[in-house]
Amino acid sequence: MTNNAQSAPSLCFDRVSLSRGGNRILDNVCATAPGGGSTVLVGPNGAGKTTLLLCLIGQLAYEGTICVSGGERKPRTAYVPQTLSMDRSLPLRVAEFLALGRQRRPLWLGLRPSARSEARRLLRMVKAEHLEQSRMGDLSGGELRRVLLAAALAREPELLVLDEPAAGVDVRGERLFWELLDEARRAQGFTQIMVSHNLPLVAHYATHVVCLNKTVCAMGAPRATLISSTLMDLFGVPIHLYPDQCDPQDPGCPQCGAVGEGASLLPDYAAIKRREAARLAVMAATKDGCAVCPGESAPAGAASAESTRSSAETSPDGGSHA
Amino acid sequence: MPDFSPIYSLISLIPLDCLQMRFMQQALLGLLLLAPMASVLGVEVINFRMAFFSDAIGHSAFAGVALGLILAVPPRLAMPLFGVLVGFGIMAVRRNSDLSSDTVIGIVFSAVVAFGLAVVSRAEGVARDIQQFLYGDILTITPGEIGFLLLLFVALLVFQATGYNRLMYIALNPVMARVHGVRVALWQYAFAGLLALVVMFSVWAVGVLLVTAMLIVPAATARNLARSAGGMFWWALLVGTSSAFIGLTLSAQAWLATASGATIILVACCWFALSLVAARNSGRRRA
């Protein structure tokens, strides 16, 4: 397996706009995706995230430019779709599916031994070696997504594009998917750009976040970008990913912790103080400040961005592009 | 004109009375070329969910004949040409429009059938053409047409050898296939063109009412019986070809004396019923 870290392209979207049927879907999108990084597009439904990816892979015509660094050559790109259009009766084996893009010999003349061993290697990479002889239609949601990831990794991509690759997968399956993806990116050194709605996992694994709602609302390291005020603008509901960024004036419902107008009951300041103290103790016990996963270093972007909301607003890459 | 007499003498070795006549030998040869093509393309038709597409092309045969009448082109030339045009047309609209593909096909379908009926209602003496269009008439196939089928057979063999994997990829997810280096548009148009040609010849063999069956039934049977995507190809081939052979010889028996096209499809449907039982059993084993 080669490591493409040297040649991993960085992307630059320069005033990308797209209208369809009079509707402005993308409006002067200016964004970047660092080479070798894990960039995640975050935003509500209909914000144009998938559309932006389709522009990137040349599936849709757009105004503006998308430049890819790293010479004239187009980067070797792989794509992980949300799902496949097939019904359960299709007797396609996982090994055959992985060979589709790899061997010229038609499937009706059988799999080459090399294609077989390649399929086995790829499946090991996504922790799915037991599925080699399974039918594609018999896979669970999580297994299918991992096989799709394997098919994309088979191309040894320099640029990997993923469109909500783990949507509809259970918590454990989605976590495993992100973990495998992160491992593969570190091993192969590709640039990754994906759409996701799972904010906690984005905060944990992404190195660069683009908040998109037809236009770019904020961009930068997750810690500096996924702050409650940006998420409020983006989704219209209060979301707090980082406890220290919670507004102490709005402590939320003392029973369930929910924040918002409906929950503005009498705050229990003593409880908040206790919670805060406990959190600080956990933070002090771990070196990198990530209490969720001790023993695993936080992603580069998250670690380097120990910034609060005020510094995010003034930092060059965390500021608003609107 | 190629000489098929060695093949005919080979066919006459089969100890069946009905196969001693030249027109039956020609019909069998024609079917043995056509049935494998149709059944293998059927695998892809099912993958692409394009059964309705092939039906629409089949019905455009009628409009093709009508157009041939107007332009004084022999119907057997006008039919396939028009079918290919309609196939490309549907594919182009399907690729470039937001309408769902069955809506697009439904519109084209209605247009071509209405056009055919309108022309035929004005002209006289086309009753026989309509009869042939509806029920098929493989027994009147000419050596020239067999020669053309042979060419088509070779083209389709090359197409399946180079395109089977790619078409499967496109059917699963066209965007992924394109990003991963498959020339999606080229393969889709090539598929539509070849499918249109095969459908036109199938109209001739089994009639427009049964043309979709000739594509779909062997492939659906193969889905039930095959254990892999490669096996699906061979099962479709086996079911399609054996149905054609058994159906043709059965229909020529004095005690049955049925239309050959319909008999072929009935045999294929028997295959399908058997495959359902087999699939249920293997499903029980897997569960």
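In the predicted model, both faces of strand E6 of chain A are covered. On one side, A:Leu159, A:Val161 and A:Asp163 are buried, and on the other side A:Leu160 and A:Leu162 are likewise buried. The strand spans residues 159–163, and because five of its five residues are buried, E6(A) is largely enclosed by the rest of the structure. A residue is counted as buried here if 20 or more other C-beta atoms lie within 10 Å of its own.

Strand E6(A) is paired with two further strands of chain A. Strand E5, comprising residues 77–80 of chain A, runs parallel to E6(A) and is joined to it by four bridges. Within this pairing, A:Thr77 has A:Leu159 as its bridge partner in E6(A). Strand E7, formed by residues 191–195 of chain A, also runs parallel to E6(A), and five bridges join the two. In E7(A), A:Met194 stands opposite A:Leu162. The connection from E6(A) to E7(A) passes through helix H5 of chain A, residues 171–188, and the resulting β-α-β crossover is right-handed.

Chain A also touches chain B, in a contact that takes 22 residues from chain A and 22 residues from chain B. On the chain B side, the elements giving two or more residues are helices H7 (143–172), H8 (174–179) and H11 (229–251) of chain B. Of these, H7(B) gives the most, with seven residues. The residues on this side of the contact divide into 13 nonpolar, seven polar and two charged.

Key. Residues numbered from 1 in each chain as written. Chains lettered and ligands numbered in written order. Predicted model: local features only at pLDDT ≥ 70, side-chain atom pairs only at ≥ 80, totals over all residues. Buried ≥ 20, exposed ≤ 12 C-beta atoms within 10 Å, placed from the backbone. Pairing = 2+ DSSP bridges. Right-handed = clockwise from strand over helix to strand, strands pointing away. Contact = placed C-beta atoms within 7 Å. Nonpolar A, V, L, I, M, F, W, Y, C, P; charged D, E, K, R; others polar.
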